[in-house]
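This briefing sets out selected features of a protein chain, grouped by topic for a structural reader. The sequence and coordinates are shown below, and the points that follow should be read alongside them.

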Amino acid sequence: MPVAMNVADDPRFRPWREEATRRGFASTIALPLSLDGRVFGTLSIYAADPDAFDSQETDLLTELAGDLAFGIGVLRERAERRRAESALRASEARLRRAQQIAHMGNWEWDLGGDSFRCSPETARVLSLAGRQCPRNRAEFLGAVHPDDRRSVDAALHATAEHGTPFNLDYRLVTADGTTKVIHCLAETVPDTTGTPQKIVGVVQDISRRKEIEDSLRQSATVFECTADGVVITDAERRIVAVNPAYSRITGYLAEEVMGRNPGVIKSGMHDRTFYRAMYDSLAQTGQWQGEIYNRRKNGEIYPEWLTVSTVRNEQE
């Protein structure tokens, strides 16, 4: 409600009377500014004459206060919308950058309309011609390697029909004929009735990771199958791995030497000068080769040709 007061005789104005009189104010009216029933401010108007605000003027000023409150509300809403839009743009930029770093993109498939949407990074990961998203399921499957197409199609069907989470590695043939390995995760988004409405997912190019895994697998196969005994130690010269050939040659099982010094098979036939020369060579060149006598678990001494190599990390 608007409040009109005479400065000279209204007791409610006593705390400010002296200052108002000094400024030449004889009457005042205060009108609340409110939106949705909540007061957020006050419009105060001062006049040089007492009883300056009659009922007609009060009604007019009340309407003015309402219009002013509405205008302020609109401006606040616009400012809030601009802030939200700015935050959304910043969030989308961070998402795009994160996807670029991770080589990962997101996509969604509208089941009802059989239409695809995807992020720019998805198009880059999939190496699609013209960096355009697939328009439908057929185009999506068309880029999948022929040998993997049936399994991908079956996984998509299970996700669309039964809500089964999609989690699959598959090969992709790019527009220039290159084969990539893609990791894809997806799940359904139901409508209000629980019926699958769309599938949303992410794709990641894991070609390099697969190459590394294959290389490690090949190295592990060589390690396990070579006829030469192989010992791996840490920087403190503690054994961390031996291959089957080592056990056949020395008689020691892997669990018997893990954590021990390789010198567990020393024969005692070489003096300190011999080992000092070995360690000096390792420190200077990272490698030593030569004939050495060692002792098997059963006590038998045998000669062997030994190659020792130092493996350094990138910081050394």
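Val240 has a relative accessibility of 40% and therefore counts as partly exposed, falling between the 20% limit for buried residues and the 50% limit for exposed ones. The model in which Val240 is examined is a predicted one. The points below begin with this residue, pass to the chain as a whole, and then take up two helices, a buried serine and two loop aspartates.

**Surroundings of Val240**

- Val240 belongs to strand β10, which comprises residues 239–242.
- Apart from neighbours within four places in sequence, the contacts of Val240 are with Ile232, Thr233, Asp234 and Met258.
- Gly259 is 19 residues away from Val240 along the chain, and the C-alpha atoms of the two are separated by 6.1 Å.

**The chain as a whole**

- Nine helices and twelve strands make up the secondary structure of the protein chain.
- The radius of gyration is 40 Å, whereas the globule rule gives 20 Å for 316 residues; the chain is therefore more spread out than a compact globule.
- The C-alpha trace spans about 120 × 60 × 35 Å along its principal axes.
- Of the 316 residues, 28% are buried.
- When contacts between residues at least 6 apart in sequence are considered, 36% of them join residues at least 24 apart.
- The accessible surface amounts to about 20,800 Å², and carbon and sulfur atoms account for 52% of that area.

**Helix α5**

- Helix α5 runs over residues 146–162; at 1.5 Å a residue its 17 residues should span 24 Å, and the 25 Å between its end C-alpha atoms agrees with this.
- Asp148, Val152, Leu156, Thr159 and Ala160 are the buried residues of α5.
- These buried residues lie on the same side of α5, because the arc they cover around the axis is only 100°.
- The face of α5 turned away from the buried side bears Asp147, Arg150, Glu161 and His162, which are exposed.
- Packing against the buried residues of α5 are strands β4, β6 (166–173), β7 (179–190) and β8 (196–205), together with helix α4 (137–142).
- Gly163, just after α5, has a positive phi of about 75°.

**Helix α9**

- Helix α9 covers residues 272–285; its 14 residues should span 20 Å at 1.5 Å a residue, and its end C-alpha atoms are indeed 20 Å apart.
- Tyr275, Met278, Ser281 and Leu282 are buried in α9.
- An arc of only 120° around the axis contains these buried residues, which puts them on the same side of α9.
- Arg272, Thr273, Ala283 and Gln284 are exposed and sit on the face of α9 turned away from its buried side.
- The cover over the buried residues of α9 includes strands β11 (287–295) and β12 (301–309).
- At the N-terminal end of α9, Asp271 acts as a cap, with a side-chain oxygen 3.3 Å from the backbone nitrogen of Thr273.
- Gly286 follows α9 and has a positive phi, near 80°.

**Ser267, in the loop before α9**

- Ser267 is located in the loop that joins α8 (254–257) to α9.
- With a relative accessible area of 6%, Ser267 is buried, since the limit for that class is under 20%.
- A polar atom of the Ser267 side chain lies 2.8 Å from the backbone oxygen of Tyr293.
- Beyond its neighbours within four places in sequence, Ser267 is in contact with Tyr293, Asn294, Arg295 and Ile301.

**Loop aspartates with positive phi**

- Most residues other than glycine have a negative phi.
- Asp36, a residue other than glycine, has a positive phi near 55°.
- Asp36 occupies the loop between β2 (27–35) and β3 (38–47), and its relative accessible area of 83% makes it exposed.
- Asp114 likewise has a positive phi, near 50°.
- The loop between β4 (104–110) and β5 (115–118) contains Asp114, which counts as partly exposed at 33% relative accessibility.

Technical notes. Residues numbered from 1 in each chain as written. Predicted model: local features only at pLDDT ≥ 70, side-chain atom pairs only at ≥ 80, totals over all residues. Heavy atoms only, no water. Helix = DSSP H or I, 4+ residues; strand = E, 2+ residues; numbered from the N terminus. Expected span 1.5 Å × (residues − 1). Buried < 20%, exposed > 50% of the residue type's maximum accessible area, 1.4 Å probe, protein only. Arc of directions from axis to C-beta. Contact = heavy atoms within 4.5 Å. Polar contact = N/O pair within 3.5 Å; in protein donor to acceptor, adjacent residues only side chain to side chain. Rg over C-alpha atoms; globule rule 2.2 N^0.38 Å. Areas by Shrake-Rupley, 256 points an atom, 1.4 Å probe, with all protein chains shown as cover.
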